[in-house]
Each structure stands twice: as structure tokens, then as C-alpha cells.
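Colleague: I should like to learn how to read the features of a chain such as this one. Please take me through them one by one.

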Amino acid sequence: MNWIETIGYLGSVLVALSLAMSDVFRLRVLNLVGAAVFTAYGVLVGAYPVAGLNAFIVVVNVVYLWRLTHHREFFEVLDVTGAPSPFLTRFLAHHAREIAEVAPGFDLARLPSASVLFVLRNLDPAGLVVWTDQGEGIARIDLDYAVPRYRDRRCGRWFFRERADWFARRGFVRFEAQTPSPRHGRYLAAIGFRPLAERGAGWYQRPITSSRPDRGSAS
């Protein structure tokens with residue numbers, strides 16, 4: 001195998017990996033890189049139709065990434081705590097398998113004092129946050145789940161940034177979360193959580209320090 005073939009195989013692997021991702025932003029980035037590698041490969045071997053097609057794919061990915069990073073969206077919270085909600089029941093049942101990966105053993109019925117919040121994104125139910133007051137200023141995040149379509153971390157970033165003031169005014173000083181999932185652990189790290197060594201492996205914390213107003217906001 002020569003170095004040109006290596007470039008071709010690398011492009012194939014990157015494109016294949018991109019299609020296996022649920023995070024739309026990361027999918028587009030990796031697909032862009034794979035297509036760029038394929039464009040170079042097509043030029044090197046003289047396969048100009050291959051190079052042209054993949055150059056077009058690069059442009060498409062650039063356009064979509066620009067839209068993802070510049071498009072303004074409206075986020076807000078819908079509190080369904082304690083309210084009979086057939087939709088909440090259906091939501092939890094429909095996403096039960098993925099929820100079990102993020103929070104094994106999660107059972108809302110065993111959390112009678114938990115607060116249940118839908119994160120709405122342009123009025124779509126994009127995510128669900130369930131949290132419990134642990135006392136001593138700690139808000140434990142029992143579940144932080146985003147549906148696949150909106151799994152680009154924006155819901156989590158918005159919630160823990162914009163809602164921080166709501167928690168701070170009620171005396172909370174930090175969020176705590178626990179997960180055995182390495183993928184969810186990386187998500188928590190990306191939105192500002194840090195390992196909580198004193199609680200053991202899989203525990204994370206984020207201080208509540210924001211002073212933003214408690215309202216829905218465009219982002």
C-alpha cells in the first residue's frame with residue numbers, strides 16, 4: 001500500500017465514522033474532514049469526478065456548520081413537576097433505552113421530590129432535566145437527556161448557564177451529576193462540569209455562579 005492509497009482509506013474511515021455519530025455538529029465536522037481528504041485523494045489519482053463530488057460535499061458541510069453556529073434559536077423551560085402528563089410518560093417510554101445508558105436505574109416514580117423540566121428549543125421538546133434538592137445548596141441532576149435531533153450540547157449549555165441565576169436565588173451553590181457512561185461524562189465536561197473526586201468515579205460538579213436573568217432567551 002502506498003501513501004496515496006493510505007489517504008483514500010483514511011477518507012473512507014472518516015466518512016464512515018461521521019455517519020455513526022448522533023451529535024449533528026460533530027457529524028458535520030468529521031464528514032467535512034473526510035470529504036476534504038477524499039477530494040485530495042481524487043486529485044492525486046486523477047479521479048476528478050470523485051474530487052468534484054467531495055469538494056461539493058465539503059461546501060455543503062461548511063454551509064450547514066455555519067448555520068448551526070450562527071442560527072439563533074429560542075430556549076425556555078417547561079416545568080411539568082407533579083402534573084399528570086401523558087406526554088412525559090410517552091417521552092420517557094420512547095427514549096427509555098438511551099436514558100438507561102445515561103442514567104442506569106433512573107425511575108421517576110422513585111424520585112417523589114424531584115423537579116421535572118422540559119427544555120424547549122423553538123417550542124420543540126428537545127431535552128428533559130430531572131433534578132433533586134439534596135440540601136446544603138446542592139442540586140443533584142438525576143437526568144439530563146437530549147433527543148438525538150438536538151444532541152449538539154446547546155440545550156445543556158443553555159440550561160446550566162441561563163438557569164443558574166434561578167438556582168442561585170434559592171440558595172443553591174453547585175450542581176452534581178453522576179453517570180457511568182464515558183460519552184455522557186464527556187458531555188458533562190464539555191458544558192462545564194468537573195470530576196468530583198470525593199464522591200468517586202463517574203461523579204461531576206459545576207458551581208452555580210451565574211447572575212443571568214431567569215427567562216427564556218435566544219441563543
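Modeller: Let us begin with the naming of elements: helices, of at least four residues, and strands, of at least two, are DSSP runs numbered from the N terminus. The model is predicted. On this naming, N122 lies in the loop that joins β2 to β3, and the chain as a whole has eight helices and eight strands.

Colleague: What size of box do the C-alpha atoms of the chain fill, and what percentage of its residues count as buried?

Modeller: Taken along the principal axes, the box is roughly 65 × 35 × 35 Å. Of the 219 residues, 41% count as buried. Among contacts between residues at least 6 apart in sequence, 65% join residues at least 24 apart.

Colleague: How should one read the packing of two helices, and at what angle do the axes of α2 and α3 cross?

Modeller: In general, two packed helices are described by the angle between their axes and the distance between the axes. Here the axes of α2 (residues 24-45) and α3 (residues 48-70) come within 8 Å and cross at roughly 155°. Angles over 145 degrees count as roughly antiparallel, and α2 is therefore roughly antiparallel to α3. The crossing of α2 past α3 is left-handed. Residues of this contact comprise 19 nonpolar, six polar and one charged.

Colleague: At what angle do α1 and α2 pack, and what is the hand of their crossing?

Modeller: Helix α1 (residues 3-19) packs with α2 at an angle of about 155°, the axes being 8 Å apart. These two helices are therefore roughly antiparallel to each other, and their crossing is left-handed. The contact of α1 with α2 has 17 nonpolar, six polar and one charged residues.

Colleague: How does one read the faces of a helix, and which residues of α4 are buried?

Modeller: The general idea is that an α-helix has 3.6 residues a turn, so residues three or four places apart point the same way. In α4 (residues 86-94), the buried residues are L88, F91 and L92. Viewed down the axis of α4, they fall within an arc of 95°, so they line one face of the helix. The face turned away from that buried side carries the exposed residues P86, T89, R90, A93 and H94. The buried residues of α4 pack against α5 (96-102), β2 (115-121), β3 (124-135) and β4 (138-146).

Colleague: How many of the nine residues of α6 are buried?

Modeller: Seven of them are buried, and α6 (residues 154-162) is thus mostly covered. The buried set consists of R154, C155, G156, W158, F159, F160 and E162.

Colleague: What should one look for in backbone angles, and what is the phi of N122?

Modeller: Most residues other than glycine have a negative phi, and most peptide bonds are trans. For N122, phi is near 55°, a positive value in a residue other than glycine. N122 counts as partly exposed, at 37% relative accessibility. R153 also has a positive phi, near 75°. R153 sits in the loop between β4 and α6 and is partly exposed, with a relative accessible area of 23%.

Colleague: Where is G135 found, and what distance separates its C-alpha atom from that of S18?

Modeller: G135 belongs to strand β3, and at 27% relative accessibility it counts as partly exposed. The C-alpha atoms of G135 and S18 are separated by 42 Å, the two residues being 117 residues apart along the chain.

Technical notes:
Residues numbered from 1 in each chain as written. Predicted model: local features only at pLDDT ≥ 70, side-chain atom pairs only at ≥ 80, totals over all residues. Heavy atoms only, no water. Axes fitted to C-alpha atoms, helices over the stretch in contact; angles between N-to-C directions. Parallel < 35°, antiparallel > 145°, perpendicular 65-115°, else oblique. Left-handed = near helix turned anticlockwise from the far one by under 90°. Nonpolar A, V, L, I, M, F, W, Y, C, P; charged D, E, K, R; others polar. Buried < 20%, exposed > 50% of the residue type's maximum accessible area, 1.4 Å probe, protein only. Arc of directions from axis to C-beta. Contact = heavy atoms within 4.5 Å.
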